[in-house]
Amino acid sequence: YLSVLAVALGGHAYLRSNYAALFMVTLPHYWMFGRTPRASMGFLGLATVGTLAGSVLRQDGWTVEFFSETVVSTLIVVAVGALIGLWAHSVVAQSTERARLIVELEQTQAQLSEAHQRQGAADERERLAREIHDTLAQGFASIIVLAEAARAGHEADTARSAQQLRSIESTARENLAEARELVGSAHRPGQVAAGSVAQTLRRTL
């Protein structure tokens with residue numbers, strides 16, 4: 001398209017004298033359709049040379065009046081158009097770079113958020129593991145010790161065995177309550193059940 005446009009401008013300058021308005025109107029096309037600034041400048045230079053060549057051929061020669069009126073004015077228009085085109089291309093390039101940086105920033109934020117979520121899940125698993133070790137595991141260990149003692153002294157001392165069975169029941173109930181508390185605390189991490197420290201110390205002792 002730009003090649004045809006440059007040739008058409010040269011032909012129009014050769015056929016008619018009022019080519020300047022059409023030439024000025026077509027200046028933005030070289031920047032809109034040129035893939036790179038170098039290509040845009042190349043097509044603009046081709047159109048300028050073709051237009052001046054067609055105008056010279058139409059004038060049948062190179063005169064001082066033609067140079068002062070036509071060539072100088074055309075070159076001024078081309079220079080202004082080139083400067084505006086380069087500035088617009090620079091603005092578009094900066095906007096594209098900003099858009100790319102914004103996309104990279106959003107991707108980095110998403111990755112950081114995902115990393116925080118993974119770290120939070122790992123911390124929660126570690127907290128639950130500590131809670132289970134400090135409460136439920138010790139409670140089950142107490143139940144095992146009490147059950148062994150009750151079985152060993154069942155025939156010799158039935159009253160003591162009954163007391164140990166009651167302790168087993170009490171410890172199992174406490175473990176059940178603490179298990180429920182742990183399940184509930186998964187939805188509100190960082191909170192400690194009221195009295196859990198005292199219960200753990202009492203059972204351990």
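## Exercises on a predicted model

Arg100 and Glu104 sit four residues apart in helix H4, about one turn of the helix. Keep that pair in mind as you work through these exercises on a predicted model.

**Exercise 1.** Find out which residues are linked with Arg100 and Glu104 in a network of salt bridges.

*Solution.*
- Step 1. Begin with the pair you already know: the side chains of Arg100 and Glu104 form a salt bridge, with N and O 2.4 Å apart. The cut-off for a salt bridge is 4 Å.
- Step 2. Now look for another partner of Arg100. Glu97 makes a salt bridge with Arg100, and their closest N and O atoms are 2.3 Å apart.
- Step 3. Check the spacing. Glu97 and Arg100 are three residues apart in helix H4 (residues 64–152), so about one helical turn separates them.
- Step 4. Put the pieces together: Glu97, Arg100 and Glu104 are linked in a salt-bridge network.

A general idea helps here: side chains of opposite charge can pair when their charged atoms come close.

**Exercise 2.** Decide how Glu97, Arg100 and Glu104 should be classed by accessibility, then do likewise for Arg127 and Glu124.

*Solution.*
- Step 1. Recall the cut-offs: buried is under 20% relative accessible area and exposed is over 50%, with partly exposed in between.
- Step 2. Glu97 has a relative accessible area of 35%, so Glu97 is partly exposed. Arg100, at 37%, is partly exposed, and Glu104, at 35%, is partly exposed.
- Step 3. Turn to the other pair. Arg127 and Glu124 form a salt bridge with closest N and O atoms 2.7 Å apart. Both lie in helix H4, three residues apart, and both are buried.

**Exercise 3.** Work out which elements give two or more residues to the largest nonpolar core.

*Solution.*
- Step 1. List some members. The core has 12 residues in all, including Leu2, Leu5, Phe23, Trp31, Leu44 and Val78.
- Step 2. Match members to elements: helix H1 (2–15), helix H2 (20–33), H3 and H4 each give two or more residues.
- Step 3. Zoom in on one member. Beyond its neighbours within four places in sequence, Leu5 contacts Thr26, His29 and Tyr30.

**Exercise 4.** Compare the reach of helix H3 (residues 37–59) with the span expected at 1.5 Å a residue.

*Solution.*
- Step 1. Helix H3 has 23 residues and reaches 33 Å from its first C-alpha to its last.
- Step 2. The expected value is 33 Å, and the reach of H3 is close to it.
- Step 3. Finish with burial: among the buried residues of H3 are Ser40, Leu44, Ala47 and Gly54.

Methods: Residues are numbered from 1 along each chain as its sequence is written. This is a predicted model: local features need pLDDT of at least 70, side-chain atom pairs count only at pLDDT 80 or more; totals for chains, interfaces and linings use all residues. Side-chain values use heavy atoms; hydrogens and water are left out. The expected span of a helix is 1.5 Å times one less than its number of residues. Buried means under 20% relative accessible area, exposed over 50%, partly exposed in between (1.4 Å probe, protein chains only). A nonpolar core is a set of buried Ala, Val, Leu, Ile, Met, Phe, Trp, Tyr and Cys residues joined through side-chain atoms within 4.5 Å. Contact means heavy atoms within 4.5 Å.
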